[in-house]
Amino acid sequence: MRVLHARASLAGALFSFAALASASVNCDNDAFVDLLPSSAGAVLQSVTPVAENGSFGPAPGTDPDFPTNATGLPALCAVKYKVTGVGGTHFTFGMFLPYQWNNRMIGVGNTGFGGGIDWFEMGPLTHYGFATISTDTGHLSTPNDASWAKKMPNAQANWGHLALHTSVVLGKQVIKGFYGSNATYAYFSACSGGGRQGLRDLQLYPEDFNGVIAGAAPWLLSHLHPWAVQVALPNLEAPKGRNVDANAFQIFNNEVIRQCDPQDGLTDKIVSNPYGCRFNWQRIQCEPSSPDNSSCLTGLQIQILNATYSDWVDEDRNNQLVYPAFTLASSAAGFAGHQGAPSSFGTEYVENFVLNDTDWDWHTLNISTVRLADSLNPGNANADMYDLSAFSRRGGKLLTYHGLADPLIPPASSIYYYEAVLGNMSDGSSQPNRNRALASTAALDDFYRLFLVPGMYHCSNSNGFAPWYFAGAGQKAPANTPHKYSVPGFSDRQHDVVLAIMAWVENGTAPEHLIATAWKNGDADQGPSIQRPLCPYPQRAVYQGSGDPNTPGSWSCTRKNFIGFPEIPIAAPGT
Ligand SMILES: *[C@@H]1O[C@H](CO)[C@@H](O)[C@H](O)[C@H]1NC(C)=O
Ligand SMILES: *[C@@H]1O[C@H](CO)[C@@H](O)[C@H](O)[C@H]1NC(C)=O
Ligand SMILES: *[C@@H]1O[C@H](CO)[C@@H](O)[C@H](O)[C@H]1NC(C)=O
Ligand SMILES: *[C@@H]1O[C@H](CO)[C@@H](O)[C@H](O)[C@H]1NC(C)=O
Ligand SMILES: *[C@@H]1O[C@H](CO)[C@@H](O)[C@H](O)[C@H]1NC(C)=O
Ligand SMILES: *[C@@H]1O[C@H](CO)[C@@H](O)[C@H](O)[C@H]1NC(C)=O
Ligand SMILES: *[C@@H]1O[C@H](CO)[C@@H](O)[C@H](O)[C@H]1NC(C)=O
Ligand SMILES: *[C@@H]1O[C@H](CO)[C@@H](O)[C@H](O)[C@H]1NC(C)=O
Ligand SMILES: [Ca+2]
């Protein structure tokens with residue numbers, strides 16, 4: 001299939017707006033105070049009219065997770081409710097209700113262990129005309145701080161799935177009351193922790209959303225977080241001065257690009273097929289007799305890096321996979337940066353959700369902690385249901401994506417989930433199987449597609465060469481100009497993932513590919529510098545051998561194998 005380079009109309013032209021005349025809008029307490037039934041346990045906290053090109057966000061110092069205000073907004077009404085939830089806990093949710101409404105709702109997510117209403121992320125979505133919603137999930141904290149969760153199972157459940165679901169149910173009622181009609185469609189677009197929220201929500205509450213975009217989702221928290229400790233141990237436990245320092249890590253990263261970039265068929269400083277790279281460690285190994293080790297790696301350093309980039313397997317259980325490794329191309333930032341201790345992303349979870357022990361000695365991490373985490377499944381937060389038929393039967397569509405250079409959450413975890421769902425929904429076995437995926441993805445093609453993004457880091461950004469922008473969550477508007485939204489100049493369902501899911505849900509037009517964009521000097525006003533297709537797994541984009549490689553038309557999606565892609569012979573927990 002040839003990828004065509006299509007330029008299309010502005011997003012606004014894709015649907016008609018239901019315009020409320022600003023003058024007739026009641027954006028005040030009276031309009032909202034009795035809008036939800038008292039049985040909902042929701043108390044109105046604030047109602048704020050925002051004028052065209054206005055801004056809105058948290059009062060300074062009140063939201064450690066999302067302190068940045070949305071700016072350049074269309075005229076809208078901002079409302080906030082506080083809800084009493086399970087066991088007397090509380091959470092809040094906020095909504096932007098634009099006067100030029102597209103009759104639809106969209107929710108955004110949270111990140112890591114963080115809690116806060118993400119007004120900033122909601123901002124650009126109001127320009128499409130969406131009524132937008134976000135919840136603080138019941139606590140305020142930064143993404144790396146889980147102290148709020150210690151021995152607080154109700155707070156964990158709010159964060160795990162309850163607060164988002166309840167907010168969406170109530171938010172739909174607010175929309176009905178404010179606009180006088182139901183939203184015709186409800187969407188969710190989030191990355192990272194928010195991607196997990198989206199997956200968990202459609203698994204438990206398939207009626208909440210018609211379409212979910214879930215990027216880089218940490219769906220198996222009970223493994224991911226202990227692994228974030230485990231992956232740092234080889235380097236932390238080796239003697240300082242002989243382990244992998246920043247210089248050695250740079251030598252390694254340069255060599256990965258040198259070897260793996262051309263192996264994908266095009267030398268462009270992008271490792272497009274990291275799983276297909278046959279990496280020869282000997283090329284950077286110091287000669288045994290060499291006195292100078294400043295531009296090569298010692299045997300010990302190679303051993304450490306080899307362990308770091310190897311899957312974590314359970315030796316007591318037939319080498320079942322515990323968690324897949326980073327790709328070699330990930331330049332695992334979290335690894336080099338943590339010379340003294342593992343990532344708090346790992347330790348905070350083990351300490352606050354699993355062992356309830358903030359004095360835990362991370363040196364003692366072992367597989368029993370993963371087993372305990374599995375059995376507790378804190379907050380019922382693992383998004384590990386593989387049967388998505390309830391969501392699919394309702395016509396729901398799921399679009400997931402993951403950067404192939406993600407230095408925080410290995411992209412293989414998204415492949416693993418996709419293959420497990422494929423197995424479950426084709427022959428009832430949730431055993432991931434590459435060959436089955438290569439043979440046919442027909443069981444999922446109608447409602448679930450995974451797009452791997454060559455060179456993209458965690459949710460956004462790249463080494464500067466790989467294009468990654470497609471209006472996904474957490475992809476700050478080009479050149480950080482929040483009033484810009486969608487993909488300027490390319491607001492269509494190929495370039496903009498939000499428009500892609502809408503076309504799929506509402507018209508049944510499935511995304512055969514997406515197109516990722518990079519801007520000249522990072523500035524959308526200067527136009528695109530590179531655009532490349534992203535293909536639904538297990539297809540990948542292959543350069544045709546002629547034509548401008550920075551134009552999508554020079555590429556095609558093929559069902560070619562990821563050469564050397566590791567088999568994952570595993571049974572997941574929870575199956
Ligand atoms: C929108 O607001 C910003 C910041 O207040 C201001 O710099 C800009 O000129 C305004 N744009 C328009 C079109 O009014
Ligand atoms: C963000 O907006 C809120 C409410 O609109 C306001 O109280 C606050 O001062 C703003 N913050 C900044 C940094 O402008
Ligand atoms: C930690 O606390 C949770 C309740 O939040 C409890 O279920 C769990 O068993 C505790 N963990 C340990 C190791 O005691
Ligand atoms: C609006 O949605 C609610 C909840 O799904 C439903 O009960 C109601 O019938 C809908 N109203 C209309 C006018 O469609
Ligand atoms: C590199 O060589 C120096 C001098 O022999 C030695 O002190 C140092 O530990 C070596 N570095 C590594 C990473 O082995
Ligand atoms: C690590 O070394 C083993 C044994 O040589 C090899 O099979 C494996 O492919 C290496 N892993 C990586 C990520 O290079
Ligand atoms: C495994 O980890 C647990 C929890 O930290 C600890 O109690 C236990 O002693 C560890 N086991 C081993 C063999 O280190
Ligand atoms: C659905 O298709 C129609 C006809 O091509 C088009 O006008 C409309 O914008 C599409 N809707 C979406 C959400 O893509
Ligand atoms: Ca390449």
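Student: So a polar contact is a pair of N or O atoms within 3.5 Å. Where does Gly-241 stand with ligand 5?

Tutor: This is a predicted model, to start with. A backbone N or O atom of Gly-241 sits 3.4 Å from an oxygen atom of ligand 5. That is within the 3.5 Å cut-off, so the pair counts as a polar contact.

Student: What about Asn-293: how far is its polar side-chain atom from an oxygen atom of ligand 5?

Tutor: That distance is 2.3 Å.

Student: Which residues surround ligand 5?

Tutor: Gly-241, Arg-242, Asn-293, Thr-298 and Gln-301. The protein covers 47% of the 360 Å² of accessible area that ligand 5 has on its own.

Student: How does that shell split by class?

Tutor: Four residues are polar and one is charged. There are no nonpolar residues around ligand 5.

Student: Now ligand 2. What surrounds ligand 2?

Tutor: Phe-56, Gly-57, Pro-58, Ala-59, Pro-60 and Asn-69. Coverage by the protein is 46% of the 360 Å² of accessible area that ligand 2 has on its own.

Student: And the classes in the shell around ligand 2?

Tutor: Four nonpolar, two polar, no charged.

Student: Which residues have N or O atoms placed by an oxygen atom of ligand 2?

Tutor: Gly-57 offers a backbone N or O atom at 3.3 Å from a ligand 2 oxygen. Asn-69 has a polar side-chain atom 2.4 Å from an oxygen atom of ligand 2.

Student: Switching to metal. What are the protein donors of the calcium ion, ligand 9?

Tutor: Asp-261 gives its O and an OD. Asp-264 is listed with OD twice. Leu-266 (O), Asp-268 (OD) and Ile-270 (O) complete the list. The donors lie 2.3 to 2.8 Å from the ion.

Student: What spacing do the donors of ligand 9 follow along the chain?

Tutor: D-x2-D-x1-L-x1-D-x1-I.

Student: Are Leu-266 and Ile-270 buried or exposed?

Tutor: Both are buried.

Student: New topic: Ser-134. Where is Ser-134 found?

Tutor: In strand β9, residues 131-135. The relative accessible area of Ser-134 is 1%. Buried means under 20%, so Ser-134 counts as buried.

Student: What does Ser-134 touch, leaving out residues up to four places away in sequence?

Tutor: Thr-92, Phe-93, Gly-94, Val-108, Gly-116, Ile-117, Asp-118 and Met-122. A polar atom of the Ser-134 side chain also lies 2.9 Å from the backbone nitrogen of Asp-118.

Student: Met-122 belongs to α2, right? Which residues of α2 are buried?

Tutor: Met-122 is one of them. The others listed are Trp-119, Phe-120, Glu-121, Gly-123, Leu-125 and Thr-126.

Student: Why is α2 described as largely enclosed?

Tutor: Because seven of the eight residues of the helix, 119-126, are buried. The rest of the structure does the enclosing.

Student: Last one, Asp-357. Where is Asp-357 found?

Tutor: In the loop between α10 (344-354) and α11 (367-376). Asp-357 is partly exposed, with a relative accessible area of 31%.

Student: What is Asp-357 in contact with, neighbours within four places aside?

Tutor: Lys-150 and Glu-351. The Asp-357 side chain also reaches the backbone nitrogen of Asp-359 at 2.8 Å.

Student: How far apart are Asp-357 and Lys-151?

Tutor: In sequence, 206 residues. In space, 9.9 Å, C-alpha to C-alpha.

Key:
Residues are numbered from 1 along each chain as its sequence is written. Chains are lettered from A and ligands numbered from 1 in the order in which they are written. This is a predicted model: local features need pLDDT of at least 70, side-chain atom pairs count only at pLDDT 80 or more; totals for chains, interfaces and linings use all residues. Side-chain values use heavy atoms; hydrogens and water are left out. Donors are N, O and S atoms within 2.8 Å of the metal (3.2 Å for Na, K and Ca); water is not among the atoms, so sites may look incomplete. Buried means under 20% relative accessible area, exposed over 50%, partly exposed in between (1.4 Å probe, protein chains only). Helices (H or I, at least four residues) and strands (E, at least two) are DSSP runs, numbered from the N terminus. A polar contact is a pair of N or O atoms within 3.5 Å; within protein, one must be able to donate a hydrogen and the other to accept it, and residues adjacent in sequence count only if both atoms are side-chain atoms. Contact means heavy atoms within 4.5 Å. A residue is near a molecule or strand if one of its heavy atoms lies within 4 Å of it. Accessible areas come from the Shrake-Rupley method with a 1.4 Å probe; for residues, only the protein chains shown count as cover. Ala, Val, Leu, Ile, Met, Phe, Trp, Tyr, Cys and Pro count as nonpolar, Asp, Glu, Lys and Arg as charged, and the others, Gly among them, as polar.
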